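Subject: The structure we talked about

Hi,

Here is the structure, ready for you to open next to the sequence. Have a look at it first, then read my notes below.

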Amino acid sequence: MEKDCIFCKIVNGEIPTTFLYKNDDLVIFRDINPHAPVHILIVPTRHIRSVNDLTGEDAKIVSDMIMAGKMMAEKEGISKSGYKLLYNVEKGGGQVIFHLHMHLIGGWKK
Ligand code: AMP
Ligand code: ZN
């Protein structure tokens with residue numbers, strides 16, 4: 001838990017959020033400012049600043065995040081049409097919230 005981190009507050013319930021999925025290691029919820037018809041965030045419960053801070057010990061959470069993205073794409077019915085799994089890394093990469101997260105984006109009209 002990092003003080004003043006929005007996603008830590010979402011994880012611990014300080015900011016009420018509807019979770020699409022939740023387990024001990026990650027939570028999943030819709031982006032508040034969607035950039036596509038489907039825009040979902042996959043967020044580890046443990047505070048990690050960005051991809052730059054990942055170590056070999058984090059291999060499981062990273063693979064869990066990708067598998068969760070695949071699972072949510074199936075649930076949202078966008079597997080066949082296609083989607084993006086995206087990590088913004090640090091300010092120059094467009095990261096605004098410095099708690100690791102992966103975007104699942106898709107559902108555009110053909
Ligand atoms: P990034 O630019 O990769 O750091 O993305 C952060 C994302 O978090 C943005 O797309 C925001 O719209 C989203 N976001 C910020 N606050 C909330 C919130 N309270 N609930 C859901 N999504 C949020
Ligand atoms: Zn955090």
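A quick definition before anything else: I say that a charge sits over a ring if NZ of Lys or CZ of Arg is within 6 Å of the ring centre and within 35 degrees of the ring normal. Lys22 fits that description, as it lies over the face of Phe19 at 5.7 Å from the ring centre. Arg49 does too: its charged end sits over the ring of Phe98, 4.4 Å from the centre. Please keep in mind throughout that this is a predicted model.

**The zinc site**

Which residues hold the zinc ion (ligand 2)? The protein donors are Cys5 and Cys8 through SG, plus His47 and His99 through ND1, and they lie 2.0 to 2.3 Å from the ion. The angles subtended by the four donor atoms run from 105 to 116 degrees, so the arrangement is tetrahedral. For that label, all angles have to lie between 85 and 135 degrees.

Along the sequence, the donor residues follow the spacing C-x2-C-x38-H-x51-H. Cys5 and His99 bring together distant parts of the chain, 94 residues apart. Cys5 belongs to the segment before helix H1 (6-11), whereas His99 is in the loop between strand E4 (83-86) and strand E5 (102-106). Are these two buried or exposed? Cys5 has a relative accessible area of 7% and His99 one of 0%, so both count as buried.

**The phenylalanine cluster**

Back to Phe19, which is also part of a group of rings. There are two aromatic pairs in the structure. In one of them, the ring centres of Phe7 and Phe29 are 5.6 Å apart with the planes at 85 degrees, which makes the pair edge-to-face. This pair also links distant parts of the chain, with Phe7 in helix H1 and Phe29 in strand E2 (residues 26-30), 22 residues apart. Phe7 is buried because its relative accessible area is 5%, and Phe29 is buried as well, at 4%.

Phe29 pairs with Phe19 too, again edge-to-face, at 6.3 Å centre to centre and 65 degrees between the planes. Phe19 is in strand E1 (residues 19-22) and Phe29 in strand E2, so this pair ties together parts that are 10 residues apart in sequence. Phe19 has a relative accessible area of 26%, so it counts as partly exposed. Taken together, the ring pairs link Phe7, Phe19 and Phe29 into a cluster.

**Around ligand 1**

There are 15 residues around ligand 1, and the ones that come nearest are Asp31, Gly94, Val96, His101 and His103. Some polar distances you may want to look at:

- Val96: a polar backbone atom is 2.7 Å from an oxygen atom of ligand 1.
- Asn88: an N or O atom in the side chain is 2.9 Å from an oxygen atom of ligand 1.
- Ile32: a polar backbone atom is 3.1 Å from a nitrogen atom of ligand 1.

His103 turns up in another contact as well: its side chain makes a polar contact with the side chain of His39, at 2.8 Å. His39 is in strand E3 (residues 38-44). With a relative accessible area of 6%, His39 is buried.

How far apart are Met65 and His39? C-alpha to C-alpha they are 15 Å apart in space, and in sequence they are separated by 26 residues. Met65 is in helix H2 (residues 59-75), and it is buried because its relative accessible area is 0%.

**Two backbone oddities**

Most residues other than glycine have a negative phi. Two residues here go the other way. Asp4 is not a glycine, yet it has a positive phi of about 65 degrees. Asp4 is in the segment before H1, and at 57% relative accessibility it counts as exposed. The other one is Glu90, also not a glycine, with a positive phi near 60 degrees. Glu90 is in the loop between E4 and E5, the loop where His99 is found too.

Best wishes

Notes: Residues numbered from 1 in each chain as written. Chains lettered and ligands numbered in written order. Predicted model: local features only at pLDDT ≥ 70, side-chain atom pairs only at ≥ 80, totals over all residues. Heavy atoms only, no water. Donors = N, O, S within 2.8 Å, 3.2 Å for Na, K, Ca; no water. Tetrahedral: all angles 85-135°; square planar, octahedral: opposite > 155°, others 65-115°. Helix = DSSP H or I, 4+ residues; strand = E, 2+ residues; numbered from the N terminus. Buried < 20%, exposed > 50% of the residue type's maximum accessible area, 1.4 Å probe, protein only. Phe/Tyr/Trp six-rings, centres within 6.5 Å; stacked < 30°, edge-to-face > 60°. Near = heavy atom within 4 Å. Polar contact = N/O pair within 3.5 Å; in protein donor to acceptor, adjacent residues only side chain to side chain.
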